[in-house]
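Visitor: Please give me a close look at the surroundings of ligand 1. Then move outward to other sites.

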Amino acid sequence: MSAVLDQMLPASHPLADIAQKVQDGKRITREDALRLYEADDLLAVGALAEFARKRKAGPGKEKYVYYIHNMHLNPTNFCVETCRFCSYANPEGKGKAYTWSVDQVLEEARKGAELGINEIHMVGGLNPACDISYYEEVLRAVKAKFPNIHMKAMTAVEIEYMANLEHISYEDTLKRLVVAGLGSMPGGGAEIFDEEVRRSMHVKKTPADVWLEIHGIAHKLGLKTNATMLTGIGESRENKVDHVLLLRDQQDLTGGFQCFIPLKCYYEGTTIADEVEEPTPEELLRDVAISRLLLDNFDHIKAYWIQLGEKLAQIALSFGADDMDGTIGEEKITHAAGAKTPLQLAKDKMEFLISSAGYTPVERDTVYNIRRVADLTGQAVTPLSERVAALAHSK
Ligand code: V47
Ligand code: SF4
């Protein structure tokens, strides 16, 4: 039994049965997850997720929080789709559409290489000018110049689009990109799998079964991938739980997801703000915590600081998240929709955010090999969750 859980969730607590399951390492159900969403005691939900995170981390790594020194690179913002939550793509002349040449992509990559990054997260709009040959050329050129930079690139949405343009299978599309230098796939484009929400947001691309199929194929080819969920687009809590459960099922089948990233929609430049409910900070913490508890077969949950903001991302570390994503460079998708977070965090700022929240910063590569564990001798801070448990105990 965990002492912290005993203090926060005694036998009389309404969530005690779920706490018992979590402590016994049993799977929680859809109904359990919905109860966690409805529970008054948010801190107890956080404590359960923190317990699950620590157990997953393993001995000696309980306080590890990962980050990567990376950059985002978006070669084109032209997109044939018109998802209503997206301010980034420019189908109808919102702002300026652009498409970079291979040399322009290389020039951006060079700026990142000079900063010492070890990953490029590359995604773009669905642009007929950027077909598979274009991306093969981009990947080959970047890998030839900067062989040590890992290319995490192409969402399932882009794979579907390229495969259809070329009239080839998803598998052949992925194989060609891997030969050209693709190292892994990011988790974008999943949005919310529920069909009704997708219809209301005019999401015509990549329905759930196709998104999951493409990730499954990638896993079978040996690629690691991530998974996301976009909230604040009119979804219900049931929709969120069902989305995460589909990811859990896929992971049981193919096992290649590394990380889940709950995303929050920003509305600037869109017309949806009056139609949807903006998630509260509390709801965003529940998304982090409940995904950690449902996804017992995922190793990592990200607190995406670009969207949560630095402070909420720090708190999310006590709600089951164990990764702060990256230093990032020029992120465009969320900033196009109004995010006010800085475009880049230096490595020492990232490490300060993690250590001042009570955790140990660990610089990783894309596939979670450890590059460096920060030395915090003399700077230990008690994590928020332990401070809350101590307060509960002293009452
Ligand atoms: O797929 C679109 C979302 C995603 C908006 O795999 C928006 O490590 C907020 O997938 N406001 C791209 N979000 C980001 C993404 C991601 C981020 C960090 C790490 C990883 C990873 C993946 O952004 C899109 C879409 O779901 N998005 N519009 C908006 N207005
Ligand atoms: Fe295009 Fe992706 Fe934006 Fe949809 S979310 S409009 S597919 S760039």
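Guide: A residue is buried under 20% relative accessible area, exposed over 50%, and partly exposed in between, with a 1.4 Å probe and only protein chains as cover. Keep that scale in mind; it returns later. This is a predicted model, in which local features need pLDDT of at least 70 and side-chain atom pairs need pLDDT 80 or more, while totals for chains, interfaces and linings use all residues. Residues are numbered from 1 along each chain as its sequence is written, chains are lettered from A and ligands numbered from 1 in the order written, and side-chain values use heavy atoms, without hydrogens or water.

Start at ligand 1. Its shell holds 23 residues. A residue belongs there if one of its heavy atoms lies within 4 Å. Phe85, Lys152, Gly187, Glu191 and Lys302 are the closest.

Next, the polar pairs with ligand 1 (N or O atoms within 3.5 Å; within protein, one must be able to donate a hydrogen and the other to accept it, and sequence neighbours count only through two side-chain atoms). Glu191 puts a polar side-chain atom 2.5 Å from an oxygen of ligand 1. Lys302 also uses its side chain: one of its N or O atoms is 2.6 Å from a ligand oxygen. Tyr266 takes part through its backbone instead, with an N or O atom 2.9 Å from a nitrogen of ligand 1. On its own, ligand 1 exposes 620 Å², and the protein buries 95% of that area. Those areas come from the Shrake-Rupley method with a 1.4 Å probe.

Which elements give two or more residues to this shell? They are strand E6, residues 224-231, and strand E7, residues 257-264. Element names follow DSSP runs from the N terminus: helices are H or I with at least four residues, strands are E with at least two. By residue class, the shell around ligand 1 has 11 nonpolar, seven polar and five charged members. Here Asp, Glu, Lys and Arg are charged; Ala, Val, Leu, Ile, Met, Phe, Trp, Tyr, Cys and Pro are nonpolar; the others, including Gly, are polar.

Phe85 leads to ligand 2. It is among the closest residues to ligand 1, and it also appears in the shell of ligand 2. There it is joined by Cys79, Glu81, Cys83, Cys86, Ala89 and Lys205. That shell splits into five nonpolar and two charged residues, with no polar ones.

One position on from Lys205 in the numbering comes Thr206. It sits in the loop between helix H9 (195-200) and helix H10 (208-220). Most residues other than glycine have a negative phi. Thr206 has a positive phi, about 30 degrees, without being a glycine. Thr206 counts as buried because its relative accessible area is 0%.

Asp325 shows a positive phi too. Its value is about 65 degrees, and it is not a glycine. Asp325 lies in strand E9, residues 323-326. At 4% relative accessibility, Asp325 is buried.

Now some charged and polar side chains elsewhere. Glu160 belongs to helix H7, residues 156-166. Is Glu160 buried or exposed? It counts as buried, because its relative accessibility is 13%. Tyr170 is 10 residues from Glu160 in sequence, and their C-alpha atoms are 6.6 Å apart.

His72 lies in strand E2, residues 70-73. His72 is buried as well, at 10%. Its side chain makes a polar contact of 3.4 Å with the side chain of His121.

Asp17 is a contrast. It sits in helix H2, residues 16-24, and is partly exposed at 41%. The side chain of Asp17 pairs with that of Arg35 through a polar contact of 2.9 Å. The C-alpha of Asp17 is 9.3 Å from that of Asp32, which is 15 residues away along the chain.

Finish at Pro342. It lies in the loop between helix H15 (333-336) and helix H16 (347-356). Pro342 is partly exposed, at 33%. Between the C-alpha atoms of Pro342 and Glu331 there are 9.2 Å, with 11 residues of separation along the chain.

Back to the request. For ligand 1, keep three residues in view: Glu191 at 2.5 Å, Lys302 at 2.6 Å and Tyr266 at 2.9 Å.
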